[in-house]
Amino acid sequence: MKSDMLKDLSDLREEHFKEVEKVKKDASLVFLEKEKELQLLRSRIPQNSNDDIIKKLKAENSRLAEDNAMKTGQIVSLEGRVGELLNELSVKEASWCEMEEQLTSQMKKSWGEKYEIWMLETEKKIEELRKTNEFLKNALSDQRN
């Protein structure tokens, strides 16, 4: 039984070896076939087309770099303008706040003055009414006596 197992093992190894060799041979044939296809494709593409592609890519790269530099300059310019506008806005806002405070103060002063004049006129009317009332009391009192 042991000898049968050893024989089976030996047969399996031999079969395995043959399969590995067959796979190597098939892979080698596939590799050679692909290599021939690659050489055929390379022969169809002229060498100068790669140079043309590289030139076009370099030109495009240069154009994009210039465009990028221009856009960067515009961004810097716009950022500066935004800063200026923010400063102008701050100044205007401060002047508006100051103007609002002045107007509020003037309005309070104006209302205070108007109230004072109204109170003086009201007190004057009250005094006139008091005097008229006193006069009428005295006149009634004189008539009764």
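Helices (H or I, at least four residues) and strands (E, at least two) are here DSSP runs, numbered from the N terminus, and with that in mind Lys58 can be selected as a starting point, since this residue is found in helix α2. The model on screen is predicted, so that local features need pLDDT of at least 70 and side-chain atom pairs count only at pLDDT 80 or more, while totals for chains, interfaces and linings use all residues. Residues are numbered from 1 along each chain as its sequence is written, and side-chain values use heavy atoms, with hydrogens and water left out.

**The whole chain**

Zoom out before going further, and colour by secondary structure: the chain has two helices and zero strands. Along its principal axes the C-alpha trace spans about 165 × 65 × 20 Å. The radius of gyration, taken over C-alpha atoms, is 55 Å, whereas a compact globule of 145 residues would have a value near 15 Å, by a rule of 2.2 Å times the number of residues to the power 0.38.

Switch to a surface next. The chain exposes about 14,200 Å², of which carbon and sulfur atoms supply 60%; accessible areas come from the Shrake-Rupley method with a 1.4 Å probe, and for residues only the protein chains shown count as cover. How many of the 145 residues, in percent, count as buried? The figure is 0%, where buried means under 20% relative accessible area, exposed over 50%, and partly exposed in between (1.4 Å probe, protein chains only).

Colouring by charge gives another view, with Lys and Arg counted as positive and Asp and Glu as negative, and with His and the chain ends not counted. The mean positions of the 27 positive and 31 negative charges are 3 Å apart, the place of each charge being taken as NZ of Lys, CZ of Arg, CG of Asp or CD of Glu.

**Helix α1**

Select Lys18 and Glu14, whose side chains meet in a salt bridge at 3.5 Å, N to O; the term stands for a side-chain nitrogen of Lys or Arg within 4 Å of a carboxyl oxygen of Asp or Glu. The two residues are four apart in helix α1 (residues 2–44), and therefore separated by about one helical turn. Lys18 counts as exposed at 53% relative accessibility, while Glu14 is partly exposed at 43%.

Move to Glu15, also found in helix α1, which is partly exposed with a relative accessible area of 45%. A distance drawn from Glu15 to Asn145 joins residues 130 apart in sequence and 160 Å apart in space, C-alpha to C-alpha.

**Helix α2**

Return to Lys58, which is exposed with a relative accessible area of 59%. From Lys58 back to Glu14, 44 residues away along the chain, the C-alpha atoms are separated by 59 Å.

Farther along the numbering, select Arg81 and Glu84, which both lie in helix α2 (residues 47–144), three residues apart, or about one turn of the helix. Their side chains meet in a salt bridge of 3.3 Å, N to O. Arg81 is partly exposed at 39% relative accessibility, and Glu84 is likewise partly exposed at 44%.

Trp111 is found in helix α2 and counts as exposed at 58% relative accessibility. The C-alpha atoms of Trp111 and Phe135, 24 residues apart along the chain, are separated by 35 Å.

For the aromatic rings, the rule pairs Phe, Tyr and Trp (its six-membered ring) if their centres lie within 6.5 Å, with planes under 30 degrees apart counted as stacked, over 60 as edge-to-face and the rest as tilted. The count by this rule is one aromatic pair. Show Tyr115 and Trp118: their ring centres are 5.9 Å apart and their planes stand at 35°, so the pair is tilted. These two residues are three apart in helix α2, separated by about one helical turn, and Trp118 is partly exposed with a relative accessible area of 48%.

**Last stop: Glu127 and Arg130**

Glu127 forms a salt bridge with Arg130, the closest N and O atoms being 2.4 Å apart. Both belong to helix α2, where a spacing of three residues puts them about one helical turn apart. Glu127 is partly exposed at 31%, and Arg130 is partly exposed at 44%. Elsewhere, salt bridges that share partners join Arg81, Glu84 and Glu88 into one network, and a search of the whole structure finds seven salt bridges.
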